[in-house]
Amino acid sequence: MADSVASEDQKFCLREVLDTFKLCLSENKEVYLQHYVAGWRGLVKFLNSLGSVFGFISKDAVNKIQILVNHLNGENGSQYVTIQLMVKYELENELVDLTKRGSHPESGCRTLLRLHRALRWLELFLERLRTSTEDSKTSVMCSEAYNESLAPHHPWVVRKAAGMAFCVLPGRPAFFEVMNVGPPEQVVAMLGEALPLISEVYQITEELYTQHNLLDLP
Ligand SMILES: CCCCCCCC/C=C\CCCCCCCC(=O)N[C@@H](COP(=O)(O)O)[C@H](O)/C=C/CCCCCCCCCCCCC
């Protein structure tokens, strides 16, 4: 019984991730960090269900999620409720390494930037998935999205490892099944619902980081 509860808990559900991203935005278009990291946690469940080849990616994502959770639960947690507050607080208190890595390797701003770039990958990948046909290859869609988003920020060795992992991605039918939504038409409909939300969260973060010149944090 305990086992089946645990495995249900670990099971990915696209609806859950969608709901979490809906909760991300406040009325004033601020991004709640708690829901942002919860969205990533949900996505990592998906990644984990694809097998150990993706372990190095999952590990990095979990590590970054944990850094942000530690900020949220820390003594200055109230400064991390939204990413807008986080940016203001960390910049005003000189808690961000702006030009080279130094004494703040785990700043919220730097850590979130890595996930923010990955969110762009997700947006591009899901859009390809949404408009794909039955015989489209997930590995191709995934690597195209990766090349347009994360790859320019990764060293050769990471790009190589990521490329090898993409090659073992399951085909579109199996992929849709893991999403745990229902038949392909429903998956496509739900992707259509999820994408504008993900895109809005991405755009708001992008504008905030642009305003503060934070898009190249080391
Ligand atoms: C809706 C369901 C379908 C899609 C579900 C996708 C699930 C994806 C879940 C998580 C994505 C992983 C997020 C990875 C964050 C990477 C952050 C990053 O860029 N880290 C690098 C830089 O960090 P620092 O060294 O500066 O601290 C780090 O070097 C990266 C290491 C690991 C490799 C990252 C490769 C990322 C590939 C993203 C595609 C994931 C493929 C998933 C396949 C569905």
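Is Asn 180 buried, exposed or partly exposed, and how many C-beta neighbours does it have inside 10 Å? Asn 180 has 16 of them and so counts as partly exposed; buried means 20 or more other C-beta atoms within 10 Å of a residue's own, exposed means 12 or fewer, and partly exposed lies in between, with C-beta atoms placed from the backbone.

Before going on, a word on the model. This is a predicted model, where local features need pLDDT of at least 70, side-chain atom pairs count only at pLDDT 80 or more, and totals for chains, interfaces and linings use all residues. Residues are numbered from 1 along each chain as its sequence is written.

The chain averages a pLDDT (the predictor's confidence in each residue, from 0 to 100) of 94, and 95% of the residues score at least 70. For the complex, the predictor gives an ipTM of 0.97 and a pTM of 0.95.

Asn 180 has a companion in Lys 29; each is a non-glycine residue with a positive phi. Helices here are DSSP runs (H or I, at least four residues), numbered from the N terminus.

| Residue | Phi | Loop | C-beta neighbours inside 10 Å |
|---|---|---|---|
| Lys 29 | about 65° | between α2 (14–23) and α3 | 13 |
| Asn 180 | near 65° | between α9 (172–178) and α10 (184–211) | 16 |

Now to the ligand. Helices α3 (33–48), α4 (55–73), α6 (108–130), α7 (138–147) and α8 (156–167) each supply at least two residues of its shell. The shell divides into 17 nonpolar, 1 polar and 3 charged residues, where Ala, Val, Leu, Ile, Met, Phe, Trp, Tyr, Cys and Pro count as nonpolar, Asp, Glu, Lys and Arg as charged, and the others, Gly among them, as polar.
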